[in-house]
Amino acid sequence: MKILLSWLNEYGDFGDDVDRLSDALTSLGLAVENVEHVGATVPGVVTARVVRTESHPDAAKVHRVYVDAGDGVERHVWCGAFNMQVGDVLPLATLGTEMPNGMTISRRGILGIDSEGMLCSTLELGLGDDHSGIMILPPDAPLGVPYGEVLGLRPDVLLDIDLTRNRPDCWGYVGVARDLAAHLGLEFRPPTPTLAVTGGELVAGVEIVDGDRCGRFTSTVISGVRVGPSADWMAQRLRAAGMRPISNVVDVSNYVMLELNQPNHAYDLATLRGPEGGPPGFRIRLATEAETMTTLDGEQRTFTADDLLICDAADRPIGIAGVMGGLDTEITDATTTVALEMAWFAPLGIMQTAQRLGLRSEASARNERGVDPYGIDVSIARFVELLRETCPDLVVHAGAADGRGASLPDEHRSCELRVTEVNRVLGTGLTAADITSLLDPIGFTVSGGPDEPLTVALPSWRPDCTEEIDVVEEVARHHGYDRIGREVPKSTVHGHLSVHQQRRRLLRQVLLGLGISEAMPNPFLAPDTAEKAGLDPTAVSITNPLVADESVLRTSLRPGMLRAVAFNESHRRTGARLFEIGHVYPPGEGELPDEYEALCVVLAGDEAPAAMAVWREVAAALGVGARLDQSQVPPGLHATRSATLSIGRDVAGAVGEVDPAVLDAFEVTERVAILELHLGYVLDREPKPARWSAVSRSPSSDLDLAFALDDSIPAERLDKAIRQGAGNLLVDLDLFDVYRGPGVDEGSRSLAYRLRLQAPDRNLTDADVASVRDACIAAAGKFGARLRS
């Protein structure tokens with residue numbers, strides 16, 4: 001929002017101390033992003049009249065313009081704009097003039113013909129953003145004088161304010177002035193026009209068809225209009241605000257919008273139709289699918305059934321509600337009577353229409369944030385007051401229409417405000433009187449107190465304020481955030497990691513300590529990747545994937561880890577040892593997936609015992625245990641070298657090797673050991689209390705035992721039997737060899753274990769070792785394991 005300081009001073013005596021005003025606005029949450037000094041004229045730019053124009057057969061994009069700067073000398077200028085006519089008065093930058101952009105005007109030629117200056121647009125003079133054509137000055141302007149004298153330019157300051165969406169009222173000068181006057185303790189002087197009906201009844205009726213999208217729509221008929229240029233002061237202000245002056249009617253419409261934050265539109269009454277020759281009027285309805293209309297910018301727009309249209313009484317679209325008017329009913333030089341529309345539309349619908357059409361306008365920017373539905377009457381009176389300056393014979397007709405819909409907000413809103421709550425939230429010691437003195441100047445009328453909750457009447461121009469905490473924010477803004485202090489709230493609870501977070505850190509440390517590197521594959525997969533990994537291909541699809549080939553959420557960490565192994569192998573880095581801790585998203589019964597945190601460890605070039613060793617280290621560190629079940633091998637894992645890990649009745653993961661067919665699908669030639677865990681069952685479980693045990697000073701003894709075991713019996717069962725047979729003397733057990741071949745029966749394999757034995761308080765004897773050996777052989781023999789000689 002651009003605020004011209006001289007314009008702002010009409011509503012209060014704010015002065016010209018730019019730094020002071022910028023700091024005040026910023027402290028109110030209306031951050032001043034830029035300060036620009038405007039109104040200074042460019043020396044050397046004078047007024048000149050067009051004498052004649054000529055086209056050149058070899059220059060299609062420029063033409064020759066001959067001008068007279070009042071000295072009777074005809075000057076030739078090349079120009080790329082074609083919006084001037086003979087007799088128009090234009091600003092001419094004479095030779096030697098230094099323009100605001102740093103360019104110096106010198107004699108330059110095109111096709112061997114020199115140009116004796118440059119004709120200027122408002123952009124080139126720093127008077128606005130319009131560069132579509134040359135600036136046209138009043139036709140009676142004297143020639144050869146600085147253009148600033150003709151325009152009545154005065155040095156001024158333009159403040160560029162960054163407005164947040166929760167301050168719709170400050171999209172108008174009056175809203176900014178109200179806040180600033182209250183903050184500085186100055187008198188606030190808003191415009192207070194009165195509307196007098198001076199003509200007989202002339203009605204442009206209103207029918208609101210879709211009242212849930214249009215809360216209020218007013219139509220006032222005004223005759224005696226003479227379309228012409230605006231007063232110089234108004235044109236200058238509009239240019240400073242970035243708007244191009246068009247005509248007195250359009251300019252007054254824009255001025256009222258900028259001043260009072262009330263978008264409006266003036267329709268040429270003669271162009272409005274009625275039903276079958278009846279009186280003209282307005283119908284506000286939703287569009288039909290694929291309905292079209294040409295807007296003021298000359299573009300044909302196609303609508304959907306969610307777009308709100310303003311139609312005439314014959315149901316012909318003449319405007320996009322809250323966004324832009326139609327071309328067929330625009331104001332022209334022949335207009336003498338207008339139907340002035342001011343309305344309130346549901347903000348969300350305006351925003352959606354503007355975004356879908358790609359049609360952002362000053363009106364839509366305000367309507368989509370919310371305007372004051374009860375400030376319309378003042379805005380109509382202000383429109384008439386300003387237009388009467390250039391149309392002294394203006395007549396306001398009786399019979400103004402005021403249609404209201406179901407979505408119209410309540411005019412009288414209020415909420416309770418507790419003084420104790422204000423002080424609790426802000427950390428202040430304000431009294432009820434202090435709060436009243438802060439709120440009353442900005443239109444929040446306070447009643448009640450001092451020993452009971454205050455009742456605050458919420459102004460209609462503040463739709464963002466609906467409840468107590470919103471009013472607390474207003475108190476904070478006008479009390480001053482810098483006066484509240486910077487004390488950090490004290491908490492009785494010190495920040496700490498949860499048990500789950502602590503155990504996740506421990507798990508990561510254990511895996512890194514085992515020499516396994518952490519990987520972070522992409523959580524998005526191609527639809528066929530899960531099936532390649534031997535998993536169920538059913539997955540949650542992404543409606544707007546960043547990459548078309550990665551359109552589903554992963555249901556397991558395994559595919560991403562196998563892709564990482566394959567990538568390393570393709571770059572001649574075999575033996576990759578990787579782990580990932582991340583979330584997976586298997587489809588759930590409802591709309592959301594059954595998301596959980598998982599662990600996947602892959603050891604390229606290793607077999608199942610390596611994965612079992614990792615599991616034992618993890619289990620020991622986290623204080624958890626699990627039962628191995630080879631009868632339930634997860635899909636995608638080796639049928640005879642893998643098992644599930646169960647904690648109670650819950651399947652907590654799997655351990656073993658990846659199925660060779662899966663490895664072939666990923667083009668991995670190495671064997672890959674794997675460990676998968678559902679961390680919800682592991683990290684959330686209370687660990688077993690750590691027990692201290694003394695370190696033995698006595699030497700240890702190793703004992704090797706090899707057993708022939710049927711393939712149908714899992715090795716874990718033999719492992720458990722050996723541990724039970726060895727008892728407390730066993731300090732380590734290592735499966736160091738698996739053998740199939742001669743000397744071992746078909747359908748069996750040989751498992752060789754190394755037992756490390758150590759007593760806590762003495763040296764072991766041969767009898768101790770022999771006793772352990774016999775006990776282990778006996779325990780293994782109970783399920784058919786035979787000691788090999």
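## Exercises on salt bridges, burial and loops

Arginine 462 and aspartate 464 form a salt bridge, with their closest N and O atoms 2.8 Å apart; the term stands for a side-chain nitrogen of Lys or Arg within 4 Å of a carboxyl oxygen of Asp or Glu. Before we start, please note that this is a predicted model, in which local features need pLDDT of at least 70 and side-chain atom pairs count only at pLDDT 80 or more, while totals for chains, interfaces and linings use all residues. Residues are numbered from 1 along each chain as its sequence is written, and side-chain values use heavy atoms, with hydrogens and water left out.

### Exercise 1: the salt bridge of arginine 462

Task: find out whether arginine 462 is buried or exposed, then place it in its network of salt bridges.

Step 1. Recall the cut-offs: buried means under 20% relative accessible area, exposed means over 50%, and partly exposed lies in between (1.4 Å probe, protein chains only).

Step 2. Arginine 462 counts as buried because its relative accessibility is 2%. Aspartate 464 has a relative accessible area of 22%, so it is partly exposed.

Step 3. Now widen the view: Arg462 and Asp464 belong to a network of salt bridges together with Arg167, Asp169, Asp179, Glu474 and Arg477. The structure holds 53 salt bridges.

### Exercise 2: two more charged pairs

Task: describe the salt bridge between arginine 285 and glutamate 291, and the one between aspartate 606 and arginine 577.

Step 1. The N to O distance between the side chains of arginine 285 and glutamate 291 is 2.8 Å. Both arginine 285 and glutamate 291 are buried.

Step 2. For aspartate 606 and arginine 577, the N to O distance is 3.1 Å. This pair links distant parts of the chain, 29 residues apart: aspartate 606 is in the loop between β31 (596-604) and α17 (608-622), and arginine 577 is in strand β30 (residues 577-584). Helices (H or I, at least four residues) and strands (E, at least two) are DSSP runs, numbered from the N terminus.

Step 3. Aspartate 606 counts as partly exposed because its relative accessibility is 24%. Arginine 577 is also partly exposed, at 28% relative accessibility.

### Exercise 3: an enclosed helix

Task: how many of the nine residues of helix α5 are buried, and what covers them?

Step 1. Seven of the nine residues of α5 (residues 232-240) are buried, so the helix is largely enclosed by the rest of the structure.

Step 2. Name them: Met234, Ala235, Gln236, Arg237, Leu238, Arg239 and Ala240.

Step 3. Their cover includes β1 (2-4), α1, α3 (147-151), β10 (156-162), α6 (248-260) and α9 (376-387).

Step 4. Look just past the helix: glycine 242 follows α5 and has a positive phi, near 90°.

### Exercise 4: positive phi outside glycine

Task: where do arginine 572 and glutamate 667 lie, and what is the phi of arginine 572 and of glutamate 667?

Step 1. Arginine 572 sits in the loop between α16 (558-570) and β30. Its phi is near 65°, which is positive in a residue other than glycine. Arginine 572 is exposed, at 80% relative accessibility.

Step 2. Glutamate 667 is in the loop between α18 (660-665) and β35 (672-678). Its phi, near 60°, is also positive in a residue other than glycine. With 67% relative accessibility, glutamate 667 counts as exposed.

### Exercise 5: two loop residues and their contacts

Task: which residues touch serine 551, and which touch leucine 143?

Step 1. Serine 551 lies in the loop between α15 (529-532) and β29 (552-553), and it counts as buried because its relative accessibility is 15%.

Step 2. Contact means heavy atoms within 4.5 Å. Apart from neighbours within four places in sequence, serine 551 is in contact with Leu525, Pro527, Val540, Ser541, Ile542 and Pro545.

Step 3. Leucine 143 is in the loop between β9 (118-119) and α3. Its relative accessible area is 27%, so leucine 143 is partly exposed.

Step 4. Not counting residues up to four places away in sequence, leucine 143 touches Thr47, Ala48, Arg49, Asp68, Ala69, Gly70 and Val89. For aspartate 68, the C-alpha to C-alpha distance from leucine 143 is 7.8 Å, with their places 75 residues apart in sequence.
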